[in-house]
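Hi everyone, thanks for making time today. I'd like to walk you through a structure that may be new to you, so settle in and have a look at the screen.

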Amino acid sequence: MKNVQYAVVWRRLATVLAVAVLTLSLIAAITGILLAFYYEPTAGGAYESLRLINTEVTNGWLIQNLHSVAGNGLIAISLIQIVVMFLGERFRSSWLTAWISGILLTLTAIALGWTAMILSWSQLGYWRFKIELETIQAIPLIGPALREILTGGSVSTVTVEHLYTLHSYLLAIGAVLLAIIHLVSLLFQEKEAKQADVGSTNLDAELS
């Protein structure tokens with residue numbers, strides 16, 4: 001009985017966290033779309049456009065803060081979800097879709113945070129990005145080519161455009177799709193688990 005209750009708790013917690021992950025993904029996507037109306041993905045224009053959003057656009061500061069909080073929250077909740085699924089033994093073959101989508105979602109959330117680093121064109125983001133580029137370039141075989149793809153040669157407007165495209169189109173859409181797949185797969189597997197529990201209970205009743 002304790003094992004059944006233990007499994008139910010982890011199962012329900014994983015589902016609740018999946019709902020939170022999807023909610024945060026949608027908030028980040030919607031606020032990102034709103035910010036895109038005013039954001040200028042250029043080396044000089046990025047910082048100035050964000051300043052204008054914070055100071056002159058109506059509720060711009062709120063939208064930007066919501067976008068930032070949702071993005072950071074997505075990373076945190078996704079990491080917690082992986083731990084919950086591991087403790088709940090969600091790595092079993094029957095939970096394969098939920099497990100894989102959860103891992104991919106966590107990696108996508110981290111990538112969203114990483115690509116956002118240079119988009120503000122702040123001193124902190126710029127120099128942090130420059131330092132991490134050295135790490136990327138040190139990767140055997142693909143490092144130099146990957147650095148060239150990300151930066152377009154040097155850290156400039158082309159770099160901002162490349163990372164903005166990755167952040168706003170590929171990764172953002174991917175995060176929302178993965179969040180939906182993750183939640184649906186958990187709901188489906190929870191339904192199967194409930195049916196299995198009911199079947200087991202009926203069998204025990206018949207045997208007794």
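Let's begin where two helices meet: the axes of helix α2, residues 45–55, and helix α3 come within 5 Å and cross at roughly 115 degrees. On the α2 side, the contact is made by Leu-50, Ile-53 and Asn-54, while α3 brings in Gly-60, Trp-61 and Gln-64. Sorted by character, the residues of this contact are 3 nonpolar, 3 polar and no charged. Please keep in mind that what you see is a predicted model.

Now let's follow α3 itself. Helix α3 covers residues 60–87, 28 residues in all. From first C-alpha to last, α3 reaches 40 Å, close to the 40 Å expected at 1.5 Å a residue. Which residues of α3 are buried? Gly-60 and Gln-64, which we just met in the contact with α2, are among them. Further along, the buried residues of α3 include Ala-70, Gly-73, Leu-74 and Ile-75, and later Val-84 and Met-85.

Finally, I'd like to show you one residue in another helix. Thr-31 is found in helix α1, which runs over residues 2–36. Is Thr-31 buried or exposed? Its relative accessible area is 6%, and because the cut-off for buried is under 20%, Thr-31 counts as buried.

What does the side chain of Thr-31 reach? One partner is the backbone oxygen of Ile-27, at 2.7 Å, and another is the backbone oxygen of Ala-28, at 3.2 Å. Leaving aside neighbours within four places in sequence, Thr-31 is in contact with Ile-63, Leu-66 and His-67.

Thanks for listening!

How values were computed
Residues are numbered from 1 along each chain as its sequence is written. This is a predicted model: local features need pLDDT of at least 70, side-chain atom pairs count only at pLDDT 80 or more; totals for chains, interfaces and linings use all residues. Side-chain values use heavy atoms; hydrogens and water are left out. Helices (H or I, at least four residues) and strands (E, at least two) are DSSP runs, numbered from the N terminus. Buried means under 20% relative accessible area, exposed over 50%, partly exposed in between (1.4 Å probe, protein chains only). A polar contact is a pair of N or O atoms within 3.5 Å; within protein, one must be able to donate a hydrogen and the other to accept it, and residues adjacent in sequence count only if both atoms are side-chain atoms. Contact means heavy atoms within 4.5 Å. The expected span of a helix is 1.5 Å times one less than its number of residues. Axes are lines fitted to C-alpha atoms, for helices over the stretch in contact, and angles run from 0 to 180 degrees between N-to-C directions. Ala, Val, Leu, Ile, Met, Phe, Trp, Tyr, Cys and Pro count as nonpolar, Asp, Glu, Lys and Arg as charged, and the others, Gly among them, as polar.
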